[in-house]
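Open your viewer and set the display to cartoon. We will take the whole chain first, then stop at a few selections.

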Amino acid sequence: MHREQIIETINWLFISVDNMDWQKVKSIFSDSVLLDYSSMTGGQPANLEADQIIDSWKGIFPGFNKTHHQVGNYIVEVDSLSAKVFCYGTATHYLENKSGNNVWTVVGSYDFELQSVGNDWRVTKMKFNLKYIDGNKELPIIAQERLKK
């Protein structure tokens, strides 16, 4: 029972990001999340408030025409109050632009940690492990510039 609920929580995280349903995203995150995208962006892992992560994502994702996050191949370790989850992830970002090269794809895996809170599970750690990036690597910059206009 817990395994299915934990997987559904992670699925809803990515569905909510694609739908830009930031309230739903906030309800999935713990108050503080250890976020680690260092394999893709450099830098160091950081403990961030849910609102800080969401504000960062609001600064890029709405700049794309569409995003599509696909996750799977879940491996779940769970005890009564905490869980660790490994899964594959592919994120496709679509943005029509003058080059005609409209897609940027990021492929890797995730390591999540979740805590049981009442009847729900909350993400306390999210680590992305980059495998490769393909497509138009300029699209994130174009998306951010588009939002500034």
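How much of the accessible surface of the protein belongs to carbon and sulfur atoms? Turn on the surface: of about 8,400 Å² in total, 48% belongs to those atoms (areas by the Shrake-Rupley method with a 1.4 Å probe, where for residues only the protein chains shown count as cover).

A word on the model before we go on. It is a predicted one, in which local features need pLDDT of at least 70 and side-chain atom pairs count only at pLDDT 80 or more, while totals for chains, interfaces and linings use all residues. Residues are numbered from 1 along each chain as its sequence is written, and side-chain values use heavy atoms, leaving out hydrogens and water.

**The whole chain**

Back in cartoon view, look for 5 helices and 6 strands; these are DSSP runs numbered from the N terminus, with helices being H or I of at least four residues and strands E of at least two. Following the sequence, you pass α-α-β-α-β-α-β-β-β-β-α. The radius of gyration is 15 Å, close to the 15 Å from the globule rule for 149 residues, so the protein is as compact as a globular protein of that length (taken over C-alpha atoms; the rule is 2.2 Å times the number of residues to the power 0.38). Along the principal axes, the C-alpha atoms fill a box of roughly 50 × 30 × 25 Å.

Now colour by burial: 40% of the 149 residues count as buried, meaning under 20% relative accessible area, with exposed over 50% and partly exposed in between (1.4 Å probe, protein chains only).

**Stop one: helix α5**

Select residues 139-148, helix α5, and show L139, P140 and A143, which are buried. They lie on the same side of α5, because their arc around the axis is only 105 degrees (from the directions between the helix axis and the C-beta atoms). Add β4 (82-94) and β5 (103-117), which are among what covers these buried residues.

**Stop two: H93**

Stay in strand β4 and select H93. Is H93 buried or exposed? With a relative accessible area of 3%, H93 is buried. Show its contacts (heavy atoms within 4.5 Å): beyond residues up to four places away in sequence, H93 touches F61, F64, K66, T67, N102, V103, W104, V106 and L139.

**Stop three: T41**

Finally, select T41 in helix α3, residues 38-41. T41 is exposed, at 56% relative accessible area. Draw a C-alpha to C-alpha distance to L130: the two are 89 residues apart in sequence and 9.5 Å apart in space.
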